[in-house]
Amino acid sequence: MESQDCPSTRACSIGRRSDRRVNVCIFPAGHRFSRQDRVEAQDLAGETIVDIDPQFAAHQMNFNALRFAGTEPDILVEFDCNGHEAGYVSAGLGIAITNEIIAREYAAFHLEARPVEPSALYHYVVVWQKGRTFSSALNVSLEAIIAAFSDSGSD
C-alpha cells in the first residue's frame, strides 16, 4: 500500500502488514496461571500487578475490563517503557501484561506467559522507501524483524 500522507507518492514508502499479535500475561513459573490456557480479566482479581504506564493499550484494555467487572486492580508499580516488567515479575513482585512479541524476550528470566482476554490487538506494518536498495546493515535488521515475527521467535 502506498502512504496517503506523503505529498509525492513517487518518493513515498511502500508498506505491508507483516503480522498481528495480542497481549499475554507474564508470571513466574509455577504460578496458578500456569494451569490455564488463557487469563481473563476476572482472573486478575487479587493479583498484585506491575504495569506499564496507563497510556499504553496493554493497560487500558485489561484493567478497564477488570474495573468494569467491579474489581479495582492492585497495581504495585507503574513503569514507562517495556522491559522493566521482566525484572519486577522475576523478583516475585507481581504479574504483568505485555505484548506477546515483547514477552518472548523474557524467556531468559524463566517467566511463563498466557494469552489475555480481552486483549489489545497489535498490527505491525513494515514500511520501506520505493526503490530503496537495502544495505548489508539494513538486511540484517530485516532478518531480525522477520525472526521476531516467526512462530519460533527470535531464538
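This is a tour of a predicted model, stop by stop, with what to select at each.

**Whole chain**

Start with the full chain in cartoon view. Four helices and seven strands are present, and from the N terminus the order of elements is β-β-β-α-β-α-β-α-β-β-α. Of the 155 residues in the chain, 32% are buried. Switch to a surface: the exposed area is about 9,200 Å², with 52% of it supplied by carbon and sulfur atoms. A contact map is also useful here. Among contacts between residues at least 6 apart in sequence, 73% join residues at least 24 apart.

**Arg114**

Select Arg114, which is found in strand 6 (residues 111-117). Is Arg114 buried or exposed? Its relative accessibility is 18%, under the 20% cut-off, so Arg114 counts as buried.

Show the side chain of Arg114 as sticks and add Ser34 and Glu112. A polar atom of the Arg114 side chain lies 2.8 Å from the backbone oxygen of Ser34. Arg114 also forms a salt bridge with Glu112, where the closest N and O atoms are 3.3 Å apart. Glu112 is partly exposed, with a relative accessible area of 23%.

Now expand the selection to the residues in contact with Arg114. Leaving aside neighbours within four places in sequence, these are Val24, Cys25, Phe27, Phe33, Ser34, Gln36, Asp37, Arg38 and Val39.

**The aromatic pairs**

Two of those contacts, Phe27 and Phe33, lead to the next stop. How many aromatic pairs does a search of the whole structure find? The search finds two. In one of them, the ring centres of Phe27 and Phe33 are 5.7 Å apart and the planes stand at 80°, so the pair is edge-to-face. Both Phe27 and Phe33 are buried.

Move to Tyr106 and Phe109 for the other pair. Here the ring centres are 6.3 Å apart with the planes at 80°, so this pair is edge-to-face too. The two residues can be coloured by accessibility: Tyr106 is buried, with a relative accessible area of 5%, whereas Phe109 is partly exposed at 41%.

**Salt bridges**

The structure holds five salt bridges, including the Arg114 and Glu112 bridge already visited. Select Arg21 and Glu100 next. Their side chains meet in a salt bridge at 3.8 Å, N to O. This pair links distant parts of the chain, with Arg21 in strand 1 (residues 13-28) and Glu100 in helix 3 (residues 100-104), 79 residues apart. Arg21 counts as buried at 9% relative accessibility, while Glu100 counts as partly exposed at 22%.

Then select Arg67 and Glu72. The closest N and O atoms of this salt bridge are 3.1 Å apart. Arg67 is partly exposed, with a relative accessible area of 32%, and Glu72 counts as exposed at 54%.

**Two long-range distances**

Return to Arg21 and add His123. His123 lies in strand 7 (residues 121-129) and is partly exposed, with a relative accessible area of 42%. What separates the C-alpha atoms of His123 and Arg21? The separation is 6.7 Å, for residues 102 apart along the chain.

End at Ile146 in helix 4 (residues 136-149). Ile146 counts as exposed, at 54% relative accessibility. Add Asp19 and draw the C-alpha to C-alpha distance: Ile146 and Asp19 are 9.8 Å apart in space and 127 residues apart in sequence.

Definitions and conventions: Residues are numbered from 1 along each chain as its sequence is written. This is a predicted model: local features need pLDDT of at least 70, side-chain atom pairs count only at pLDDT 80 or more; totals for chains, interfaces and linings use all residues. Side-chain values use heavy atoms; hydrogens and water are left out. Helices (H or I, at least four residues) and strands (E, at least two) are DSSP runs, numbered from the N terminus. Buried means under 20% relative accessible area, exposed over 50%, partly exposed in between (1.4 Å probe, protein chains only). A polar contact is a pair of N or O atoms within 3.5 Å; within protein, one must be able to donate a hydrogen and the other to accept it, and residues adjacent in sequence count only if both atoms are side-chain atoms. Contact means heavy atoms within 4.5 Å. Rings of Phe, Tyr and Trp (its six-membered ring) pair if their centres lie within 6.5 Å; planes under 30 degrees apart count as stacked, over 60 as edge-to-face and the rest as tilted. Accessible areas come from the Shrake-Rupley method with a 1.4 Å probe; for residues, only the protein chains shown count as cover. A salt bridge is a side-chain nitrogen of Lys or Arg within 4 Å of a carboxyl oxygen of Asp or Glu.
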